[in-house]
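Reader: I'd like to go through this one with you and ask how each label was earned. Can we bring it up first?

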Amino acid sequence: MIETYRKKAKHYDVTSRLYPAPGYPQHAQRARAVRALGLRPGDTVIDVACGTGLNFPLLEQAIGSGGRLVGVDLTDAMLERAEDRVEAYGWRNVCLVRNDAAQFDFPGDVHAILSTYALTQVPGREQVIAHGAAALRAGGRWVVLDLKIPDSTPRWLSKVGVAVVHTSGSLDEWVARRPWETIREAMQASLEDLTWTELCFGTAFLAAGLGLDRGR
Ligand SMILES: C[S@@+](CC[C@H](N)C(=O)[O-])C[C@H]1O[C@@H](n2cnc3c(N)ncnc32)[C@H](O)[C@@H]1O
(Lines give C-alpha, C1' and ligand atoms only; values in the text may rest on other atoms or scores of the structure.)
Protein backbone atom coordinates (compact mmCIF):
# COMPACT_ATOMS: atom_id res chain seq x y z
CA MET A 1 0.00 0.00 0.00
CA ILE A 2 2.73 2.48 0.97
CA GLU A 3 4.69 1.75 -2.22
CA THR A 4 1.56 2.25 -4.34
CA TYR A 5 0.87 5.67 -2.82
CA ARG A 6 4.54 6.66 -2.84
CA LYS A 7 4.39 6.28 -6.60
CA LYS A 8 1.06 8.10 -6.87
CA ALA A 9 1.86 10.98 -4.51
CA LYS A 10 3.58 13.35 -6.93
CA HIS A 11 0.68 13.47 -9.39
CA TYR A 12 -2.14 12.49 -7.04
CA ASP A 13 -3.90 15.88 -7.03
CA VAL A 14 -4.12 15.86 -10.83
CA THR A 15 -4.85 12.18 -11.42
CA SER A 16 -7.42 12.04 -8.62
CA ARG A 17 -9.61 14.44 -10.61
CA LEU A 18 -10.32 11.45 -12.87
CA TYR A 19 -10.99 9.17 -9.89
CA PRO A 20 -12.89 6.86 -9.97
CA ALA A 21 -13.85 7.85 -13.53
CA PRO A 22 -13.76 11.00 -15.67
CA GLY A 23 -16.80 13.16 -14.88
CA TYR A 24 -17.28 11.86 -11.32
CA PRO A 25 -18.19 14.96 -9.25
CA GLN A 26 -15.40 14.46 -6.74
CA HIS A 27 -15.14 18.01 -5.41
CA ALA A 28 -18.91 18.28 -4.95
CA GLN A 29 -18.93 15.00 -3.02
CA ARG A 30 -16.06 16.17 -0.80
CA ALA A 31 -17.95 19.38 -0.08
CA ARG A 32 -21.04 17.35 0.76
CA ALA A 33 -19.04 15.14 3.14
CA VAL A 34 -17.55 18.17 4.89
CA ARG A 35 -21.01 19.76 5.25
CA ALA A 36 -22.21 16.49 6.84
CA LEU A 37 -19.61 16.99 9.60
CA GLY A 38 -21.58 20.01 10.87
CA LEU A 39 -18.35 21.81 11.81
CA ARG A 40 -18.28 25.14 13.60
CA PRO A 41 -15.45 27.64 14.03
CA GLY A 42 -13.04 26.44 16.70
CA ASP A 43 -13.81 22.73 16.27
CA THR A 44 -11.28 19.90 16.22
CA VAL A 45 -11.50 17.58 13.22
CA ILE A 46 -9.49 14.50 12.22
CA ASP A 47 -9.00 13.58 8.55
CA VAL A 48 -8.22 9.83 8.51
CA ALA A 49 -6.01 8.70 5.60
CA CYS A 50 -5.87 12.35 4.55
CA GLY A 51 -3.49 11.75 1.63
CA THR A 52 -2.25 15.02 0.14
CA GLY A 53 -4.86 17.01 2.05
CA LEU A 54 -7.44 17.59 -0.67
CA ASN A 55 -10.10 18.01 2.04
CA PHE A 56 -8.07 20.53 4.03
CA PRO A 57 -9.25 23.76 2.33
CA LEU A 58 -12.89 22.80 2.96
CA LEU A 59 -12.17 21.76 6.55
CA GLU A 60 -10.14 24.90 7.27
CA GLN A 61 -12.90 27.07 5.90
CA ALA A 62 -15.31 25.43 8.36
CA ILE A 63 -13.17 25.44 11.53
CA GLY A 64 -11.26 28.70 11.01
CA SER A 65 -7.91 29.56 12.50
CA GLY A 66 -9.18 28.85 16.02
CA GLY A 67 -9.93 25.23 15.18
CA ARG A 68 -7.61 22.25 14.98
CA LEU A 69 -7.09 19.85 12.09
CA VAL A 70 -5.25 16.54 12.47
CA GLY A 71 -4.39 14.63 9.29
CA VAL A 72 -3.32 10.99 9.59
CA ASP A 73 -1.86 8.91 6.79
CA LEU A 74 0.38 5.89 6.34
CA THR A 75 2.36 7.12 3.33
CA ASP A 76 5.23 9.55 3.88
CA ALA A 77 5.15 10.87 0.29
CA MET A 78 1.42 11.69 0.51
CA LEU A 79 2.01 13.50 3.81
CA GLU A 80 4.87 15.50 2.26
CA ARG A 81 2.37 16.82 -0.31
CA ALA A 82 -0.05 17.58 2.50
CA GLU A 83 2.73 19.48 4.30
CA ASP A 84 3.38 21.50 1.12
CA ARG A 85 -0.31 22.41 1.02
CA VAL A 86 -0.30 23.46 4.69
CA GLU A 87 2.72 25.69 4.09
CA ALA A 88 1.30 27.16 0.88
CA TYR A 89 -1.91 28.18 2.66
CA GLY A 90 -0.06 29.26 5.82
CA TRP A 91 -2.31 27.25 8.15
CA ARG A 92 -0.89 27.08 11.67
CA ASN A 93 -3.50 24.79 13.18
CA VAL A 94 -2.72 21.57 11.28
CA CYS A 95 -0.93 18.57 12.75
CA LEU A 96 0.12 15.76 10.38
CA VAL A 97 0.72 12.30 11.79
CA ARG A 98 2.28 9.40 9.94
CA ASN A 99 0.63 6.23 11.17
CA ASP A 100 -1.51 3.29 10.23
CA ALA A 101 -5.07 4.52 10.85
CA ALA A 102 -5.81 1.30 12.76
CA GLN A 103 -2.95 2.06 15.20
CA PHE A 104 -3.62 5.78 15.50
CA ASP A 105 -4.24 7.02 19.02
CA PHE A 106 -7.17 9.40 18.48
CA PRO A 107 -7.13 12.44 20.77
CA GLY A 108 -10.20 12.52 23.03
CA ASP A 109 -13.29 14.70 22.78
CA VAL A 110 -13.03 15.53 19.08
CA HIS A 111 -15.90 17.25 17.28
CA ALA A 112 -15.69 15.39 13.99
CA ILE A 113 -13.86 12.70 12.00
CA LEU A 114 -13.75 12.40 8.23
CA SER A 115 -12.35 9.80 5.86
CA THR A 116 -12.67 10.10 2.08
CA TYR A 117 -11.84 7.51 -0.60
CA ALA A 118 -9.64 5.53 1.75
CA LEU A 119 -11.32 3.38 4.41
CA THR A 120 -12.43 0.63 2.01
CA GLN A 121 -8.69 0.11 1.36
CA VAL A 122 -7.63 0.07 5.02
CA PRO A 123 -7.36 -3.47 6.44
CA GLY A 124 -8.31 -2.53 10.02
CA ARG A 125 -11.29 -0.38 9.03
CA GLU A 126 -13.57 -1.70 11.81
CA GLN A 127 -10.98 -0.74 14.43
CA VAL A 128 -10.52 2.68 12.88
CA ILE A 129 -14.24 3.32 13.07
CA ALA A 130 -14.55 2.00 16.63
CA HIS A 131 -11.50 3.93 17.90
CA GLY A 132 -12.75 7.10 16.23
CA ALA A 133 -16.24 6.65 17.64
CA ALA A 134 -14.79 6.26 21.14
CA ALA A 135 -12.86 9.53 20.73
CA LEU A 136 -15.86 11.55 19.50
CA ARG A 137 -17.68 13.83 21.87
CA ALA A 138 -21.43 13.13 22.25
CA GLY A 139 -23.16 14.26 19.08
CA GLY A 140 -19.87 14.66 17.18
CA ARG A 141 -19.96 13.32 13.63
CA TRP A 142 -18.07 10.47 11.95
CA VAL A 143 -18.41 10.80 8.17
CA VAL A 144 -17.12 8.37 5.54
CA LEU A 145 -17.20 9.01 1.79
CA ASP A 146 -15.99 6.14 -0.36
CA LEU A 147 -16.62 3.98 -3.39
CA LYS A 148 -18.66 0.81 -3.68
CA ILE A 149 -20.25 -1.46 -6.23
CA PRO A 150 -23.98 -0.89 -6.82
CA ASP A 151 -26.07 -3.44 -4.89
CA SER A 152 -28.02 -4.41 -7.97
CA THR A 153 -24.86 -5.38 -9.86
CA PRO A 154 -24.64 -9.18 -10.18
CA ARG A 155 -21.30 -10.52 -8.99
CA TRP A 156 -20.38 -11.78 -12.45
CA LEU A 157 -20.95 -8.28 -13.90
CA SER A 158 -18.76 -6.63 -11.21
CA LYS A 159 -16.01 -9.08 -12.16
CA VAL A 160 -16.37 -8.26 -15.84
CA GLY A 161 -16.27 -4.54 -14.99
CA VAL A 162 -13.14 -5.00 -12.93
CA ALA A 163 -11.52 -7.01 -15.69
CA VAL A 164 -12.29 -4.29 -18.22
CA VAL A 165 -11.20 -1.25 -16.22
CA HIS A 166 -8.47 -2.81 -14.13
CA THR A 167 -6.54 -6.03 -14.13
CA SER A 168 -5.24 -5.72 -10.59
CA GLY A 169 -5.89 -8.71 -8.35
CA SER A 170 -6.30 -6.40 -5.36
CA LEU A 171 -9.25 -4.61 -6.96
CA ASP A 172 -10.86 -7.93 -7.75
CA GLU A 173 -10.39 -8.86 -4.11
CA TRP A 174 -11.88 -5.48 -3.06
CA VAL A 175 -15.05 -6.26 -5.02
CA ALA A 176 -15.31 -9.74 -3.57
CA ARG A 177 -14.73 -8.52 0.01
CA ARG A 178 -17.35 -5.72 -0.20
CA PRO A 179 -15.55 -3.57 2.41
CA TRP A 180 -18.28 -0.89 2.38
CA GLU A 181 -20.54 -3.42 4.14
CA THR A 182 -18.04 -3.79 6.97
CA ILE A 183 -17.89 -0.01 7.25
CA ARG A 184 -21.66 0.21 7.50
CA GLU A 185 -21.80 -2.52 10.16
CA ALA A 186 -18.99 -0.98 12.20
CA MET A 187 -20.60 2.47 12.08
CA GLN A 188 -23.96 1.00 13.05
CA ALA A 189 -22.33 -0.74 16.02
CA SER A 190 -20.49 2.26 17.45
CA LEU A 191 -22.50 5.37 16.49
CA GLU A 192 -26.04 6.70 16.74
CA ASP A 193 -28.43 7.81 14.02
CA LEU A 194 -26.44 6.39 11.12
CA THR A 195 -27.42 7.75 7.74
CA TRP A 196 -26.27 5.97 4.59
CA THR A 197 -26.67 7.73 1.26
CA GLU A 198 -25.91 6.08 -2.05
CA LEU A 199 -24.29 8.45 -4.54
CA CYS A 200 -23.77 8.27 -8.29
CA PHE A 201 -26.07 5.29 -8.92
CA GLY A 202 -24.66 3.32 -6.01
CA THR A 203 -21.01 3.60 -7.04
CA ALA A 204 -20.20 5.69 -3.96
CA PHE A 205 -21.67 6.25 -0.50
CA LEU A 206 -21.75 8.88 2.19
CA ALA A 207 -22.19 7.51 5.71
CA ALA A 208 -22.60 9.70 8.78
CA GLY A 209 -23.20 8.82 12.42
CA LEU A 210 -23.19 10.58 15.77
CA GLY A 211 -20.88 9.97 18.73
CA LEU A 212 -22.57 8.38 21.76
CA ASP A 213 -23.00 10.04 25.10
CA ARG A 214 -20.48 8.10 27.21
CA GLY A 215 -21.09 10.16 30.34
CA ARG A 216 -17.79 12.04 30.04
C1 LIG B 1 -7.14 7.24 -2.48
S2 LIG B 1 -6.11 8.00 -1.27
C3 LIG B 1 -7.30 9.14 -0.52
C4 LIG B 1 -6.61 10.30 0.12
C5 LIG B 1 -7.55 11.39 0.62
N6 LIG B 1 -8.35 10.92 1.72
C7 LIG B 1 -8.42 11.93 -0.49
O8 LIG B 1 -9.64 11.94 -0.35
O9 LIG B 1 -7.85 12.38 -1.49
C10 LIG B 1 -5.95 6.75 -0.02
C11 LIG B 1 -5.02 7.16 1.11
O12 LIG B 1 -5.15 6.20 2.15
C13 LIG B 1 -3.87 6.06 2.74
N14 LIG B 1 -3.85 4.80 3.49
C15 LIG B 1 -3.97 3.56 2.98
N16 LIG B 1 -3.94 2.65 3.98
C17 LIG B 1 -3.81 3.35 5.13
C18 LIG B 1 -3.74 2.98 6.50
N19 LIG B 1 -3.78 1.70 6.90
N20 LIG B 1 -3.63 3.97 7.43
C21 LIG B 1 -3.57 5.27 7.04
N22 LIG B 1 -3.63 5.67 5.77
C23 LIG B 1 -3.75 4.72 4.81
C24 LIG B 1 -2.91 6.11 1.57
O25 LIG B 1 -1.59 6.41 1.98
C26 LIG B 1 -3.55 7.22 0.74
O27 LIG B 1 -3.02 8.47 1.06
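Reader: Why is Asp109 called partly exposed?

Author: Keep in mind that this is a predicted model. Asp109 has a relative accessible area of 39%. Buried means under 20% and exposed means over 50%, so a value of 39% makes Asp109 partly exposed. Asp109 sits in the loop between strand 3 and strand 4, and its phi is positive, about 60 degrees, although the residue is not a glycine.

Reader: And what makes Arg178 buried or exposed?

Author: Its relative accessible area is 17%. The cut-off for buried is under 20%, so Arg178 counts as buried. Arg178 is in the loop between helix 8 (169-177) and helix 9 (179-190). Here too phi is positive in a residue other than glycine, near 50 degrees.

Reader: How do you know whether Gln26 is buried or exposed?

Author: Gln26 comes out at 7% relative accessibility; under 20% is what buried requires, so the label holds. Gln26 belongs to helix 3 (residues 26-36). Leaving aside residues up to four places away in sequence, Gln26 touches Ser16, Arg17, Tyr19, Leu54 and Tyr117.

Reader: What makes the link from the side chain of Gln26 to Ser16 a polar contact?

Author: The side chain reaches the backbone oxygen of Ser16 at 2.3 Å. A polar contact needs N or O atoms within 3.5 Å, one able to donate a hydrogen and the other to accept it. The distance of 2.3 Å falls inside that limit.

Reader: On to the sheet. Why are strand 3 and strand 6 said to stand at the edges?

Author: The open sheet has 7 strands in the order 3-2-1-4-5-7-6, with mixed pairing. Strand 3 (94-98) and strand 6 (192-199) each have a single partner strand, so one side of each lacks a neighbour in the sheet. From one strand to the next, the twist averages 15 degrees.

Reader: How do you know that strand 1 and strand 2 pair?

Author: Pairing takes at least two bridges, and 5 bridges join strand 1 (residues 44-48) to strand 2 (residues 68-73), so they qualify. These two run parallel, with Val45 opposite Leu69 in strand 2. Helix 4 (residues 56-63) lies across strand 1, strand 2, strand 3 and strand 4 (110-116), at about 155 degrees to strand 2.

Reader: What makes strand 7 largely enclosed?

Author: Of the 7 residues in strand 7 (residues 204-210), 6 are buried, so the rest of the structure largely encloses this strand. Strand 7 runs antiparallel to strand 5 (residues 136-147), joined by 7 bridges, and Leu145 stands opposite Leu206. Another 6 bridges join strand 7 to strand 6, also antiparallel, with Glu192 opposite Leu210. Strand 6 and strand 7 form a hairpin with 4 residues between them, and Cys200 in the turn has a positive phi of about 45 degrees.

Reader: Last one: how do you know how the radius of gyration of the protein compares with that of a compact globule?

Author: For 216 residues, a compact globule would have a radius of gyration near 17 Å; the protein has 17 Å, so the two agree. The C-alpha atoms fill a box of roughly 50 × 40 × 30 Å along the principal axes, and 48% of the 216 residues count as buried.

How values were computed: Residues numbered from 1 in each chain as written. Predicted model: local features only at pLDDT ≥ 70, side-chain atom pairs only at ≥ 80, totals over all residues. Heavy atoms only, no water. Axes fitted to C-alpha atoms, helices over the stretch in contact; angles between N-to-C directions. Contact = heavy atoms within 4.5 Å. Buried < 20%, exposed > 50% of the residue type's maximum accessible area, 1.4 Å probe, protein only. Rg over C-alpha atoms; globule rule 2.2 N^0.38 Å.
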